[in-house]
Amino acid sequence: MSEARLGVTAIECSNCDSGIVPCCAGKTPAAYQFHYAADFHSNEVYPKAGKFSLLHLMNAHSNEAHMQSEDESIRAYMSKLLEREDTVVHLMSDHGNGNEGWRLPMSALVVPRRHLEKHPDVAEKLEVNQQRLMTHFDMYETYKHFASYPEPPPAQEQGRSRPCR
């Protein structure tokens with residue numbers, strides 16, 4: 001596998017022989033996902049196309065040690081993506097942790113600081129929306145708006161989703 005163009009390198013898995021973390025050729029499955037995504041988001045692949053990707057990491061469902069094994073890969077991948085001024089990252093989980101937290105999934109929209117400084121109106125709206133209940137419909141509209149910004153998102157079909165406030 002070629003090195004990722006964004007400079008993200010997969011970490012070697014020190015637990016391969018112990019069976020604690022699943023590995024494939026000395027790397028965790030998620031490390032391969034990060035390599036693929038880094039290649040996809042580089043300017044060398046479809047340089048003029050807008051891009052959207054979804055990485056579905058399942059390691060934490062079987063063992064918390066699996067989730068911790070990905071910390072460095074996630075940090076390196078996020079650091080490289082956020083060097084770009086044209087990239088917004090939405091981190092989310094399917095559920096929270098613990099006895100009560102499972103109903104509170106984590107959701108974080110990570111926007112490059114330069115974009116927020118250049119567009120204070122965006123920063124203000126994101127700040128206000130932190131205290132609001134957000135649904136998948138809201139996130140869909142947010143994705144569309146970021147994809148077309150600073151132009152308004154394309155007109156929506158009547159009754160397909162609710163308008164943003």
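Which residues in α1 are buried?

1. In this predicted model, the buried residues of α1 are A30, A31, F34, H35, A37, A38, D39 and H41. Helix α3, at 71-82, is included in what covers the buried residues of α1, and a reader who wants to look at this packing can start from that pair of helices.

2. The geometry of α1 can be checked against expectation: the helix runs over residues 29-41, and because its 13 residues at 1.5 Å a residue should span 18 Å, the 19 Å between its end C-alpha atoms agrees with that figure.

3. As for the overall architecture, the protein chain holds 7 helices and 2 strands, and these follow one another along the sequence in the pattern α-α-α-β-α-β-α-α-α. Of the 165 residues of the protein chain, 27% count as buried. When contacts between residues at least 6 apart in sequence are considered, 50% of them join residues at least 24 apart.

4. The accessible surface of the protein chain amounts to about 12,000 Å², and carbon and sulfur atoms account for 54% of it. On that surface, a nonpolar patch is formed by F52, L54 and M92, which together have about 380 Å² of accessible area. Of these residues, L54 sits in the loop between α1 and α2, the latter at 64-68, and L54 counts as exposed because its relative accessibility is 65%, where the cut-off for exposed is over 50%.

5. How many salt bridges does a search of the whole structure find? The search gives 2, and each is described in turn below.

6. One salt bridge joins the side chains of D86 and R84, with an N to O distance of 3.2 Å. The two partners fall into opposite classes: D86 is exposed because its relative accessible area is 58%, whereas R84 is buried because its relative accessible area is 15%, the limit for buried being under 20%.

7. The salt bridge between K144 and E141 has its closest N and O atoms 3.5 Å apart, and here both K144 and E141 are buried. Both residues belong to helix α7, residues 136-148, and because they are 3 residues apart in that helix, about one helical turn separates them. In general, an α-helix has 3.6 residues a turn, so residues three or four places apart point the same way.

Definitions and conventions. Residues numbered from 1 in each chain as written. Predicted model: local features only at pLDDT ≥ 70, side-chain atom pairs only at ≥ 80, totals over all residues. Heavy atoms only, no water. Helix = DSSP H or I, 4+ residues; strand = E, 2+ residues; numbered from the N terminus. Expected span 1.5 Å × (residues − 1). Buried < 20%, exposed > 50% of the residue type's maximum accessible area, 1.4 Å probe, protein only. Contact = heavy atoms within 4.5 Å. Patch = residues over 30% accessible without salt bridge, like charges linked within 9 Å, V, L, I, M, F, W, Y side chains within 5 Å. Areas by Shrake-Rupley, 256 points an atom, 1.4 Å probe, with all protein chains shown as cover. Salt bridge = Lys/Arg side-chain N within 4 Å of Asp/Glu carboxyl O.
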